[in-house]
Amino acid sequence: MSTTIAQTSLTAAAEKYEPVIGLEVHVQLNTATKIFCGCSTRFGAPANSQTCPVCLGLPGALPVLNREAVVKAVRASLALNCQINERSVFARKNYFYPDLPKGYQISQYDKPIAEHGWLEVDAKNGGTHKIGITRLHMEEDAGKNMHEGFADSHQFSYVDLNRAGVPLVEIVSEPDMRSPEEAYEYLTRLKEIMLYLGVSDCNMEEGSLRCDANVSVRLRGAEKFGTKAEIKNLNSFRYLQRALEYEIERQIGVLESGGRVVQETRLFNVSEGKTFPMRSKEQAHDYRYFPEPDLAPLIVSSAWRDELAATLPELPRQKRNRLMNEYGLTAYDADVLTVSQELADYFEAAAKGSKNPKAVANWIMGDLTAHMKATNTTLADTKVRPNQIAELAALIDEGAISGKMAKDVFAKMAESGEPPRSLVASMGLQQVSDPAALEKIIDEIMAANPKQLEQYRGGKTPLFAFFVGQVMKATKGQANPALVNDLLKAKLG
Ligand SMILES: [Zn+2]
């Protein structure tokens, strides 16, 4: 009883408050080598096998900036509508931790490579909402401490420096999001753009996409932001949403009971579904940033920037809008079909040669997707070619086969890769659409069922279905149903 009352009053309280959310997203760039040395970035290699004096931080070793990392950072910035700073500066972020052999991380501080961008997300009430992007800066990743899995793990920790020096971009949003769903949507769209650009694999399990969230609550209508907490360790989209939901409720609870939200860093504990304080801001590090003396300022000329801008692909949102306009797709269908560039390309290859793009979309989202899921295959290795989907849709529209038969044809086609037209012939599925042949069958049926004919003509119209059934039986279900209807109506009178 008391829980019900407590929950009700909290829901009422929740209505009074508005969450304010900003995200800091680390995206690992998929360059072949690290940002300041020639070591491989391949995931899963034996520990410390991909290291050299530079990324081990040995005295006298000097960093050399990887041009490809800059190219990818600029393309990511442009896709996020950022202004590229012609001159940006690398800085040392000093802190001590065993996974950071140099004792500092090379990052960018007051002069990042890009600023003042935005990313559009779908708004709850329809339309779109622009989420501001404060900045995008380049930096190197740290190594990885390992506290488990060794015989002497109770005594020692180990460190793997393969990841030290892998290139990252950190994308900092403005505090423009107003709900956990919107934060989820922002991260989804951000990931989608990075995948379309091909600058990262965005694999969360391997740490290629990492996210921290800043969240506060304020009374609806208030101008001033509340005190924020930073939540770390959000290594899945679902955890991000769950952690935000929990944290918003917690902060409202604190305020409603007359308390004060403390500015602090909190960790999301997955098994408990709760956030816990990690360290308070009072004890936060002073990173003693200063410009990296071993690297010259990074110059991105406007000519180079324009050259890179010309390499941007059609981005997901533009593609969605175009598919809706060109092929008459619904927003939902366009959304599903642009979830990856490969799927969108596949759809377009099929739809281009089809008079019925909507049917093509349905086959791809329905039977093809289900088949790939069931057989654990991808678009790259499915035997069904886009033109075959278009052909299958055409066979139905021509009246050659029924929708039900088409399902059987699809199953065979997915198995063998044979084109649908020849499958229809070899499976003996050709629909009977010849009026003369059907009329002959109908005449025979009428002659064999005089009693039913008399009753029908006497007003017992539901017997129409009986005659349809007889025709279907005689043709083993292969008669064109629409044609059977028309012919029967005419013959029965
Ligand atoms: Zn190295």
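User: Which residues touch the most other members of the largest nonpolar core?
Analyst: Among the 64 residues of that core, Ala73, Leu136, Val169, Ala183, Tyr186 and Ala213 touch the most other members. A nonpolar core here is a set of buried Ala, Val, Leu, Ile, Met, Phe, Trp, Tyr and Cys residues joined through C-beta atoms within 7 Å. Buried means that 20 or more other C-beta atoms lie within 10 Å of a residue's own, with C-beta atoms placed from the backbone.

User: And which helix gives the most to this core?
Analyst: Helix 2, residues 67–79, gives the most, with 7 residues; helices are DSSP runs of H or I, at least four residues, numbered from the N terminus.

User: Is this a predicted model, and how are residues numbered?
Analyst: This is a predicted model, in which local features need pLDDT of at least 70 and side-chain atom pairs count only at pLDDT 80 or more, while totals for chains, interfaces and linings use all residues. Residues are numbered from 1 along each chain as its sequence is written.

User: Back to helix 2, why is it called largely enclosed?
Analyst: Because 10 of its 13 residues are buried, helix 2 is largely enclosed by the rest of the structure; the buried ones include Ala69, Val70, Lys72 and Arg75.

User: What comes after helix 2?
Analyst: Helix 2 is followed by asparagine 81, whose phi is positive, near 60°.

User: New topic: what domains is the protein divided into?
Analyst: The protein is divided into domain 1 (2–306), domain 2 (316–426) and domain 3 (435–492), with bounds that come from an automatic or database domain assignment. The centres of domain 1 and domain 3, taken over C-alpha atoms, are separated by 70 Å.

Terms used. Buried ≥ 20, exposed ≤ 12 C-beta atoms within 10 Å, placed from the backbone. Helix = DSSP H or I, 4+ residues; strand = E, 2+ residues; numbered from the N terminus.
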